[in-house]
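User: Hi! I am new to this structure and would like to understand the words used for it. Could you walk me through them?

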Amino acid sequence: MEVIIQPNYDQMSKIAAQIVVEVLNAKPNAVLGMATGSTPLGLYKELVRLHQKDQLDFSRVTTFNLDEYVGLPVNHPQSYHYFMHEHFFKHVNIPPQNINIPSGTTSNYPAFCEWYEQRIAQCGGIDLQILGIGSDGHIAFNEPTSSMSSRTRLKTLSKQTIDDNARFFERREDVPVYAITMGVGTILDARKLILIGSGKAKARAIAQAVEGPVTSMVTASAIQLHRDAVVIVDREAAAELTMRDYYEFIYAAKPSAPRS
Ligand code: PGA
């Protein structure tokens with residue numbers, strides 16, 4: 001795992017965007033795994049800027065979002081469909097038919113989840129999965145005790161996640177209790193992972209994910225099992241990492257390090 005510590009949120013977002021650019025340069029028809037939440041907003045803003053200024057091309061890209069709330073229609077302002085269109089898709093040139101987001105309103109969840117997994121496989125698998133992290137250590141909506149080999153399915157949100165996400169809703173009771181989410185196993189199948197984390201509220205989860213034991217109590221710790229995972233954090237989110245100096249040394253020395 002590579003851990004990159006940046007001075008602030010903007011720098012964190014730029015480094016993450018640079019990795020997306022590298023993947024697209026190597027494979028213009030890459031399959032990208034998308035995340036929602038406050039954390040990736042800066043990354044999406046930077047990708048939109050690169051699309052507008054440098055003609056970064058998404059015309060052959062396919063996307064799969066990690067998760068969606070159950071019960072929110074696509075035009076609900078807190079649905080992840082709405083979020084993605086507002087903050088990213090409407091500003092870049094991804095063909096609409098290449099955009100995949102779990103349905104929060106299907107009449108048959110098991111069938112939809114199976115179809116979503118099949119569709120990822122049909123598209124050749126995910127080349128780069130973007131991840132945030134919950135303060136309870138979740139990736140996507142894989143709450144504590146989610147199986148490390150789980151696939152796309154319905155999950156009940158934890159109290160911590162409902163509390164964290166209540167800020168986006170008028171009332172706490174309005175936060176959906178269920179979500180449809182890619183599983184930890186689905187995420188681990190991606191060829192490359194980038195996990196971004198910002199702010200002191202994430203410091204403990206980041207330390208547990210990067211340096212703690214691999215445990216389903218912190219599903220983000222599953223990234224330790226992945227052969228190509230990059231964690232990009234700002235200083236505040238890095239505050240509880242015990243090997244911080246080592247990560248900073250490696251990153252600073254990277255340009256002159258032997259090529260692996
Ligand atoms: P946030 O959410 O980016 O809004 O903090 C992250 C997550 O819950 O995965």
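User: Which space does the ligand take?

Analyst: The ligand takes the space of the largest pocket. To sit there, more than half of a molecule's atoms must lie within 2 Å of the pocket's grid points. This is a predicted model, where local features need pLDDT of at least 70, side-chain atom pairs count only at pLDDT 80 or more, and totals for chains, interfaces and linings use all residues. Residues are numbered from 1 along each chain as its sequence is written, and side-chain values use heavy atoms, with hydrogens and water left out.

User: What makes Gly-132 and His-138 residues around the ligand?

Analyst: A residue counts as near if one of its heavy atoms lies within 4 Å of the molecule. Gly-132 and His-138 are among the residues around the ligand, as are Thr-39 and Ile-133.

User: Why is the pair between Lys-202 and the ligand called a polar contact?

Analyst: A polar contact is a pair of N or O atoms within 3.5 Å; within protein, one must be able to donate a hydrogen and the other to accept it, and residues adjacent in sequence count only if both atoms are side-chain atoms. A polar side-chain atom of Lys-202 lies 2.5 Å from a ligand oxygen, so the pair qualifies. For a backbone N or O atom of Ser-38, the distance to a ligand oxygen is 2.8 Å. The side chain of Arg-167 has an N or O atom 3.2 Å from an oxygen atom of the ligand.

How values were computed: 1 Å grid on protein atoms, 1.4 Å probe; cavity = no way out; pocket = protein on both sides within 12 Å on 5 of 7 lines; lining within 4 Å.
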